Structure formats: structure tokens, C-alpha cells
2 protein chains.
Amino acid sequence: MTAPPAPIERDVQFVAGDGEIDLTWGHPDPAFLPADVVAEATATVLAEHGWETLSYGAPAGPWTLRNAVAEHLRRGGEGPVDPHDVLITAGASGGLDLVLSLLARPRDVVFVEQPTYFLALRILADHDLEVVALASDEHGSVPDDLDRRAAALGRSDPAPTGRRMFFYCIPTFANPTGRSLPAQRRVDLVTTARRHGVTVIEDDVYRDTAPAAPASMWSIDPRTVIRLGSFSKSLAPGMRVGFLTAERTTIERIERCGVLDSGGGASHFAAMVVARLLVSGAFTTIAAGAASRLAERRTALVGALDDAALAFPVPDGGFFVWLRVPAGVTSGQFTAAARRNGVLVADGRPFFAGTPTGEHVRASFSMLAPDQLTRGAAILNETARSFG
Amino acid sequence: MTAPPAPIERDVQFVAGDGEIDLTWGHPDPAFLPADVVAEATATVLAEHGWETLSYGAPAGPWTLRNAVAEHLRRGGEGPVDPHDVLITAGASGGLDLVLSLLARPRDVVFVEQPTYFLALRILADHDLEVVALASDEHGSVPDDLDRRAAALGRSDPAPTGRRMFFYCIPTFANPTGRSLPAQRRVDLVTTARRHGVTVIEDDVYRDTAPAAPASMWSIDPRTVIRLGSFSKSLAPGMRVGFLTAERTTIERIERCGVLDSGGGASHFAAMVVARLLVSGAFTTIAAGAASRLAERRTALVGALDDAALAFPVPDGGFFVWLRVPAGVTSGQFTAAARRNGVLVADGRPFFAGTPTGEHVRASFSMLAPDQLTRGAAILNETARSFG
């Protein structure tokens with residue numbers, strides 16, 4: 001995972017393994033991607049909206065979809081959301097890239113959780129940003145550490161000429177840990193960020209993977225937080241349609257950029273299809289089905305894993321369990337041993353911004369049926385005990 | 001056009017005017033956007049490829065589409081094209097943004113033609129690049145001017161620490177001039193660029209708008225030129241699917257970036273639909289229909305415009321005619337007078353990187369039927385003569 005990926009001469013990223021129980025893929029299960037529902041929605045939207053499905057889309061995304069996202073968030077408990085505060089993106093990664101392109105410059109500083117999503121680290125590196133990992137305790141990143149580090153940077157690089165500061169985090173059902181920040185920790189981090197002029201970039205892509213999710217950091221303070229949402233986890237990653245919510249001036253700054261005005265950004269066609277799925281209610285059904293399937297799988301994996309051998313925080317949603325390998329073993333050694341026993345897990349090292357601890361592996365429960373997860377857990381337990 | 005665009009509370013950018021003959025929109029005609037054909041292709045690709053249409057796409061785009069684009073270029077006369085040298089983008093603007101994000105840094109220099117596409121100028125500005133307009137003669141940008149300026153910059157900023165240099169150009173059926181660079185001028189510019197380590201970014205989005213287009217600058221020297229292609233002009237801009245061709249190391253550098261690996265970039269769903277349209281031959285039929293309609297419209301507008309009153313280069317393709325307003329009148333005055341007479345044209349000033357000459361307006365023939373274009377031309381002729 002640390003080496004650059006090999007070029008892919010296929011249509012998709014996923015490739016089925018060779019009989020192993022593969023817990024490395026952080027994808028929705030291909031078996032449940034709703035091809036029929038998407039086909040029907042596409043036919044309907046093309047029949048009803050014709051050329052408006054295929055023309056240059058509005059820079060901030062189709063107004064229909066911005067409204068539908070606002071309504072979706074409202075129903076999810078985020079309070080009233082104004083569609084002007086929603087901008088459609090090419091998925092959360094596309095949104096992160098867009099935000100960094102417009103708001104960050106090389107050498108700007110991005111604080112990150114430790115561990116965090118390894119491909120976000122790659123995106124930050126592509127923008128030549130300086131990544132600073134915050135200290136963590138059992139609740140997540142430590143506000144005092146953000147306070148200290150942001151204050152020190154603010155002194156060495158005073159505004160407005162100094163380096164801008166961002167805090168990229170995944171507070172809800174995180175990748176890779178599966179954990180969510182407690183409500184008070186969210187407030188403390190947002191308050192600290194605001195005090196130092198740090199923009200929080202909240203990666204919120206797992207929100208719909210469970211029936212109930214904590215209130216977003218964006219809803220705590222929309223002036224400080226840009227929240228990145230996605231339809232990749234609960235609908236279909238191939239649509240490449242997501243959204244961000246932010247304060248009005250940020251939305252308008254992004255909306256007015258050249259690449260969106262020139263028609264770039266999300267696929268308008270895909271966005272119109274997603275709008276149809278939201279408006280018709282089909283998305284609600286699909287997402288609820290995905291969440292209930294994920295709950296079953298999460299329960300299967302979590303229930304079968306031996307917490308004494310592989311200590312882990314119990315996730316309430318998302319795709320992942322973050323396992324601590326037995327003392328005296330490296331994550332690399334554990335990953336290799338598990339592979340020999342027929343189970344693939346992701347070595348945790350690429351998820352660290354600084355020097356990795358080498359103490360963790362990530363297991364995904366999104367792709368496999370409960371019985372396979374139970375078998376996989378048993379093999380992981382045995383693998384752990386074999387080092388005992 | 002110079003003021004920031006107002007937020008759009010609609011699904012699409014285009015809005016029909018109020019009875020004027022509107023020659024400002026550089027869009028394909030909505031009346032011919034192929035909704036039925038896209039609906040059929042989507043149904044087929046979802047039925048045949050199922051989850052592979054909706055999963056995370058390969059970072060460089062679906063291999064099926066990379067192959068189909070290579071074949072399309074080969075049939076267009078570009079010689080054998082290796083699909084490894086093709087990367088799928090979110091349209092040409094998305095490709096430009098991606099290339100600049102990965103290969104350019106603030107203060108790097110981008111040479112541009114004078115005039116050039118105004119939204120490309122906005123994208124360059126969003127990346128904090130220094131834009132330098134090259135001198136032009138009747139054939140286009142002057143190679144000796146590129147030579148002089150690149151040499152001066154190379155001396156003041158020697159490699160490898162110095163600023164990188166790019167040359168953004170639209171050599172084929174340009175926006176806004178409609179002109180194409182002659183073959184020898186292409187060779188001279190590419191040779192000059194290569195000598196100074198300047199990367200040429202060839203915006204090639206109008207290639208399919210005419211049955212025959214000059215060989216691309218990329219085909220002259222793929223080591224020096226990154227060519228941006230698109231399906232927006234001949235198929236449907238809302239798909240947001242385009243491609244770039246470049247040398248293998250550049251393709252692999254882009255393919256390995258975080259945002260593409262994380263599933264960002266083009267919509268995989270839309271790309272799979274476009275792949276189907278290319279493989280089935282439907283795209284060839286659609287593009288040929290569009291090109292023949294555009295030829296008819298181009299002929300109507302060009303034939304009815306009075307070259308004595310509004311001197312213009314006769315375009316061989318694309319969407320645009322670039323009119324010189326009468327001496328003693330500014331483009332702003334002419335645009336206002338034409339508007340009073342019921343015809344909308346685009347003031348040429350936003351198309352200039354430096355101080356605009358204020359001597360030109362752009363008229364698009366892509367959106368209107370021949371009889372409306374003929375009427376529009378008559379009104380423009382009269383407007384010009386009224387200043388005589």
C-alpha cells in the first residue's frame with residue numbers, strides 16, 4: 001500500500017481475490033450496487049428533463065440536487081439546511097482536491113488525525129502541503145495539542161501573509177479506526193480551530209452507513225468547518241457525486257472558480273441521476289438497505305473477533321475495524337501471517353502521517369457476507385494467538 | 001463577462017433569451033443533445049456490465065474507454081495511439097485543472113495565445129500562475145516571441161529550482177478566433193517549446209466539430225505536448241468526460257495522484273456510458289451529425305456577414321467567428337448597439353490576458369438554425385455600417 005499503485009488495465013479498481021477472505025477493500029459490496037435502480041432513474045431523468053440532463057450544469061451543481069441534499073441533511077437531523085450552502089462535488093475526494101486547489105497554497109499547514117485516511121494524505125502531498133499529525137487520546141485528536149501547535153504556527157507565520165492552517169479529520173465512523181469523536185470533543189476542536197483561524201475540513205463520507213450518526217462538526221460551526229459528503233458509500237462510488245456544505249462566502253468562492261464555470265467538477269449527467277434518486281425516495285431505500293446490511297456485517301465481525309487478542313474500538317458505523325496486533329509483533333508481520341492463513345487485512349502503516357507505530361491493521365466488513373466475516377475473524381484470532 | 005458570474009439557481013447554465021438572436025453561448029445546440037441515445041447506452045452498459053459501471057473506476061479511467069479513445073484518434077488520422085498514453089478526465093477543463101494541480105506551482109509561467117479562452121484564463125488565475133501573452137501574427141502565436149521570452153525566463157529562473165513554463169494554446173478551430181495554426185507554425189512552436197523545456201498544453205476540444213482537422217500538436221511531439229480532448233462539443237457537455245494524451249511518464253504521474261486513486265476525477269458511470277457510445281459506433285454517427293450541422297451553420301453565418309464591415313478570419317470548424325468592429329468603435333459600444341438591434345454577441349475583451357484591444361466581438365454559430373444566423377448576420381452588418 002505504500003508503493004505507488006500499479007497502472008490498472010481494467011475498467012474498475014476492484015479485482016476479486018484468489019479464494020482468500022479479503023478484508024482490505026474499503027468499497028461498498030459490488031453485489032448490492034443498484035444497477036437496475038440507476039438504469040430506471042437515468043431513463044426517467046432523460047425522458048423528463050431531456051437536454052437539461054446533458055447540457056453544461058450549473059457551476060455549484062444542479063439546483064434540484066442542492067435542494068435534495070439540503071432536505072436529506074435536514075431529515076438526518078442537521079436542522080434546516082439552506083441549499084445555497086450546498087455545493088455538488090465529484091465525490092468527497094474531488095471536493096477535497098477542489099477545496100485545496102482554491103483555498104490552500106504550497107507550504108500551508110494541514111493538521112491531521114493520527115491515524116487518518118491514507119489517500120487523503122496522498123492528496124495533501126500532491127498539493128505540497130505540510131502535514132502535522134495531532135496527538136490523540138482515547139477520544140481522538142487532543143484539542144490542547146491543536147491549540148499549542150496552531151498558536152506556535154500563528155506566531156511564526158502571522159496572518160495575513162502567513163501560511164494558512166487547515167484541520168482535516170474524519171470525525172464520524174472514521175477510516176481507518178471506525179471511531180467517532182464524542183460530541184464534546186467535536187465542540188472543543190471546532191472552538192479551538194476557530195480561535196486560531198484554522199479551517200476544519202470534515203470528511204463525512206460514512207454518515208449514511210448507520211441509521212444514526214452524531215451531528216456533524218459543520219452543524220456546530222459552519223463558519224469554521226467545510227464538510228465533505230458523498231454518495232459513494234451508500235449508493236455507488238462510480239457516480240462520483242458528492243457535496244460539500246460550507247458558509248455562503250466559501251460556497252460562492254468555489255462556485256466562481258474557472259473550472260466549475262467552464263463546466264468541470266462533477267458530472268452533471270451523474271448529478272442529475274443522483275438528484276432523481278434522492279427526489280424519488282429511491283436513495284433512502286437503498287441507503288437504509290446498505291446500513292442494515294453493514295450493521296449485520298459489523299456485528300458479525302466485531303462479535304467474532306477476540307478483543308483480548310486483537311484490541312479494537314467497537315465501531316458504530318462505517319466500513320472498518322482497527323485492530324491492535326499482539327505486543328512484540330509488527331503490523332507487517334501480522335499482515336503476512338494472516339495472509340498465509342488465508343485472510344487479507346490492510347497494514348495500518350500508510351494511515352500514519354508521521355512515523356507509523358506499526359501496531360495496527362485495518363479490517364473492512366463492507367464487502368463480505370456475515371459467515372465469511374465470522375470465518376475471517378476466527379482466523380485472525382488464531383493468527384494473533386499464534387504469536388502469544 | 002468580466003464580472004464574477006451570479007450564482008445559478010437552476011440545473012443548467014443555459015437559459016434561453018428573450019427573443020433576441022443570441023450568439024453569445026459557446027454550447028452545443030440543446031435541441032440536438034442525444035437524450036435517447038444516451039438512455040439506450042446507459043441501459044445497455046448497466047445491463048451488460050452491472051456493478052462494474054457503478055464501482056470505483058480505474059484511476060486513469062476505464063480501460064475500455066482508454067482503448068476506444070485511442071481507436072477514435074487513430075481513425076481521425078493521429079497514427080497508432082497506445083491506450084496507455086490516454087487518460088480519462090472530467091472534460092478538458094477538468095483535465096487542465098488536474099494537470100496544473102499536479103505539474104504547476106504558484107508563480108510558474110504560462111504563455112498564452114492572444115486572444116484565448118477566457119475561462120482558461122480564470123483557471124490559470126485560480127492556480128496563481130503568471131500568465132504571459134505571446135505576440136501574434138496572421139498565423140497565430142509567434143515562435144520567436146516564445147523563444148525570446150522563454151530564454152529570458154530560463155536565465156532569470158534556471159532549472160531545476162526555477163519556475164516551470166507552460167504554453168496553453170488552442171491550435172485547432174480556436175475559441176474565440178475560429179482559426180487553426182498552420183502545420184509549419186505548429187512544428188515551430190513545439191520545437192521552440194521543447195528547446196526551452198516548456199510544456200505545451202494543447203486544448204483540442206473542437207477537433208470533432210469538423211470532418212477534417214489538422215494533426216494535433218501532441219502528434220508532432222508527445223514528449224512536449226499534453227493534449228486535452230473532450231466529448232463536450234460533439235456529444236454532450238453534461239457527461240463531463242474528456243481525455244488527455246501525453247507521454248507515458250506524465251500519464252503515470254497523473255494516474256498515481258491521490259485524488260484519482262481515491263476515486264476522484266471523471267465520473268466512472270458517465271465514462272462507462274461514453275465508452276459504450278464509442279464502442280457501439282453511436283458516437284461516430286452523433287459527431288458526424290453535429291459536424292455537418294455546424295458546417296451548415298458556419299456557412300450560413302460566414303456567408304451572410306459582410307467582411308468589409310466586420311473583418312474576420314473564416315473558420316474551418318469550431319463554434320466561433322471573431323469579428324473586428326469598425327474603426328473608431330469599441331467592442332463594448334458595438335456589443336451594446338447590436339443588443340439594441342436584437343442581436344447578442346460576446347465582447348472580446350475577456351479573451352485577452354493583458355490589456356484588451358477592444359476591437360473584437362465573438363459570434364457563436366453553434367446554437368441557432370441557419371435562417372436565424374443569416375438574420376443575425378444582417379443585423380450585425382447593419383450595426384457595423386451604422387458606425388461608418
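The following questions and answers go through symmetry, cores, helices and single residues in a predicted model.

In this predicted model, local features need pLDDT of at least 70 and side-chain atom pairs count only at pLDDT 80 or more, whereas totals for chains, interfaces and linings use all residues. Residues are numbered from 1 along each chain as its sequence is written, chains are lettered from A and ligands numbered from 1 in the order in which they are written, and side-chain values use heavy atoms, with hydrogens and water left out.

Reader: What kind of axis relates chain A to chain B?
Author: Two copies of a chain are related by a rotation about an axis and a shift along it. Here, with copies superposed by least squares on the C-alpha atoms of residues with pLDDT of at least 70 in both, a rotation of 180 degrees with 0.0 Å of shift along its axis brings chain A onto chain B at an RMSD of 0.0 Å. That is the relation of a two-fold axis.

Reader: Which residue of chain A has the C-alpha nearest the axis?
Author: The axis in question belongs to the 180 degrees rotation that superposes chain A on chain B. In chain A, the C-alpha nearest this axis lies 3.0 Å from it and belongs to A:Ser267.

Reader: Which residues have the most contacts inside the largest nonpolar core?
Author: A nonpolar core is a set of buried Ala, Val, Leu, Ile, Met, Phe, Trp, Tyr and Cys residues joined through side-chain atoms within 4.5 Å, where buried means under 20% relative accessible area, exposed over 50% and partly exposed in between, for a 1.4 Å probe and protein chains only. The largest such core has 146 residues, and those with the most contacts inside it are A:Leu380 and B:Leu380.

Reader: Which residues of H13(B) are met by B:Phe334, B:Ala337 and B:Ala338 in H12(B)?
Author: Helices are DSSP runs (H or I, at least four residues), numbered from the N terminus, and H12 (residues 331–340) and H13 (residues 370–386) of chain B have axes that come within 10 Å and cross at roughly 125 degrees. Those axes are lines fitted to C-alpha atoms over the stretch in contact, with angles from 0 to 180 degrees between N-to-C directions. Contact means heavy atoms within 4.5 Å, and the residues of H13(B) met by these three are B:Leu380, B:Thr383 and B:Ala384.

Reader: How many of the 9 residues of helix H4 of chain A are buried?
Author: The buried residues of H4(A) include A:Phe118, A:Leu121 and A:Asp126. Helix H4 (residues 118–126) is largely enclosed by the rest of the structure, because the number of its 9 residues that are buried is 7.

Reader: Which residues of chain B are in contact with A:Ser101?
Author: A:Ser101 is found in helix H3 (residues 91–103) of chain A, and it is buried, with a relative accessible area of 7%. Leaving aside neighbours within four places in sequence, A:Ser101 touches A:His127 and, in chain B, B:Ser101, B:Asp126 and B:His127.

Reader: Is A:Ile220 buried or partly exposed?
Author: A:Ile220 lies in helix H7 (residues 217–220) of chain A, where, apart from neighbours within four places in sequence, it is in contact with A:Arg186, A:Val187 and A:Val190. At 34% relative accessibility, A:Ile220 counts as partly exposed.

Reader: What separates the C-alpha atoms of A:Ala68 and A:Arg194?
Author: A:Ala68 has its place in helix H2 (residues 63–78) of chain A and counts as buried at 10% relative accessibility. A:Ala68 and A:Arg194 are 126 residues apart along the chain, and their C-alpha atoms are separated by 29 Å.

Technical notes. Helix = DSSP H or I, 4+ residues; strand = E, 2+ residues; numbered from the N terminus.
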